[in-house]
Amino acid sequence: MDEAVAAERAWVEVLGLVSETLETLVDSFLHRVMADEAYSRSAITVDDLRTSSLRTFTALLESLAATNGHDAELERIAIDLGKRRAQQGIALDSLMKAVRLDFSVLWSALCEDSIQADPRLLVARTERVWQTVDRYALHVQEHYLHELALIQQENADLEGHYIGLLLGSVAPTEVELKRIAGALQVPSGVGFKVAVVARLDGPIVRRRLPSRGTTSVRYFTYDAGRHTVVFWTCPPDELHALSAREAAVFDGMACGLAPPAAHLGGVRSAVAAGHEIMTDLPMGSSGIMTLGDRWVSIARHQLDAIGCELAQLIDPLLAGCPPPERERIIETVNDFLETGSLVETSGRLFCHRNTVVNRLRAFERLTGIDLKKPKEAALAVVALRGPARA
């Protein structure tokens, strides 16, 4: 008899003997795979693991016994297993670790004393066993990733739908907010940080955000017109400042950081503020801008848009001054509004303190605006700090 044929017959006999110990192989596999918390704490039942393991080992042994390397049944099992584990939420690294356990469990069975396999035969078939398991593992991974991509797309579509309801033209009711919170898996008792960036920067932000499952924080993004909205959960005591890690997400781009939202319903108005900050920024701006940074410019733009130009409460009254004097008064008032200090203003303008006082009095005499009164000072801030004098 040809030596190769004899070796192949001996190999098939060994595989037949191993097939008689399938239950032992399955038990060994289950014992080892359940040591991984991804499986022991998952919703996957022992019956599920036992059934899939039994099918896998049966198909592996049949494939190893086939001289033509026929893997059709093994591929069908790989497709089913990859899809199901993705649907069951098992991490890919845990799944692949479990699949590659098949090799060590199977090889241990082949080497059992009770099988009495010729060591030379096992050495000659090592590569075949490994390649068969490896092909199976690659098929499982391929179909897992395909299914995971479908799941993620469906989740993203569903998430986008509910964020659209949250931020849409009609404010959601309390009942609708509860449904949105449930769909987005937002825990109770959390607040939200909210930022808005240019839509062109949206893909960069998404790449920089932590992956799902790597953090307890829930991140959400949503494209709205020219902007991309980003909001994420945060404990109430951490709402009012960005951490260095959070700020790094927006590095190198313009970002409108909105006032924080104490609850999900507040995200809507925070997003509106973020949009206004971004819309107000000059072209080519970069950095994280807050409402505190931009409120004066935003207020002037908004008032001007409805015909309420506060500059008209000041400019006509200063028109009678000679241009050089008018400019000196306005410069002095602007510096004083910024510093709130006569001494610091005089230092900035390289003039005597009394000169500053006289110019402020002249401003009050001509306009009737007393800068010592906060309400009137705020009017002057908005009226004097607009685009016309930027």
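This is a tour of selections to make in the structure above, which is a predicted model.

**Stop 1: helices H1 and H6**

Select residues 3-19, which form helix H1, and residues 92-110, which form helix H6. The two helices pack with their axes 10 Å apart, at an angle of about 110°. Angles of 65 to 115 degrees count as roughly perpendicular, so H1 is roughly perpendicular to H6.

Now show the side chains at this contact. On H1, pick Trp11, Val14, Leu15 and Val18; on H6, pick Leu106, Ala109 and Leu110. How do the residues of this contact divide into nonpolar, polar and charged? Seven are nonpolar, none is polar and none is charged.

**Stop 2: Leu110 and the largest core**

Keep Leu110 selected and display what surrounds it. Leaving aside residues up to four places away in sequence, Leu110 touches Trp11, Val14, Leu15 and Val18, and also Ile115, Ala117, Leu122 and Val129.

Leu110 belongs to the largest nonpolar core, which has 45 residues. Which of its members touch the most other members? They are Val18, Phe57, Leu106 and Leu110. To see where the core comes from, colour H1, H2 (22-33), H4 (46-65), H5 (72-87), H6 and H7; each of these helices supplies at least two residues. H6 gives the most, with ten residues.

A second core, separate from this one, has 26 residues. Select Leu167, Ala258, Ala261 and Val267 to find it; these four are among its members.

**Stop 3: aromatic pairs**

The model has seven aromatic pairs. Begin with Phe103 and Trp130. Their ring centres are 5.0 Å apart and their planes stand at 90°, so this pair is edge-to-face. Phe103 is in helix H6 and Trp130 is in helix H7 (residues 119-167), so the pair ties together parts 27 residues apart in sequence. Switch on a surface to check accessibility: Phe103 counts as buried, at 17% relative accessibility, while Trp130 counts as partly exposed, at 36%. Add Trp107 to the selection, because ring pairs join Phe103, Trp107 and Trp130 into a cluster under the 6.5 Å limit on centre distance.

Next, move to Phe220 and Phe231. Is this pair stacked or edge-to-face? With ring centres 5.1 Å apart and planes at 25°, the pair is stacked. Phe220 sits in strand S2 (residues 219-224) and Phe231 in strand S3 (residues 227-234), so the pair ties together parts that are eleven residues apart in sequence. Phe220 has 0% relative accessibility and counts as buried. Phe231 also counts as buried, at 0%.

**Stop 4: two loop residues with positive phi**

Go to Gln116, in the loop between H6 and H7. Gln116 is not a glycine, yet it has a positive phi of about 55°. Is Gln116 buried or exposed? At 71% relative accessibility, Gln116 counts as exposed.

End at Phe350, in the loop between helix H15 (342-349) and helix H16 (353-367). Phe350 also has a positive phi, of about 55°, although it is not a glycine. With 78% relative accessibility, Phe350 counts as exposed.

Technical notes:
Residues numbered from 1 in each chain as written. Predicted model: local features only at pLDDT ≥ 70, side-chain atom pairs only at ≥ 80, totals over all residues. Heavy atoms only, no water. Axes fitted to C-alpha atoms, helices over the stretch in contact; angles between N-to-C directions. Helix = DSSP H or I, 4+ residues; strand = E, 2+ residues; numbered from the N terminus. Parallel < 35°, antiparallel > 145°, perpendicular 65-115°, else oblique. Contact = heavy atoms within 4.5 Å. Nonpolar A, V, L, I, M, F, W, Y, C, P; charged D, E, K, R; others polar. Phe/Tyr/Trp six-rings, centres within 6.5 Å; stacked < 30°, edge-to-face > 60°. Buried < 20%, exposed > 50% of the residue type's maximum accessible area, 1.4 Å probe, protein only. Core = buried A, V, L, I, M, F, W, Y, C linked by side-chain atoms within 4.5 Å.
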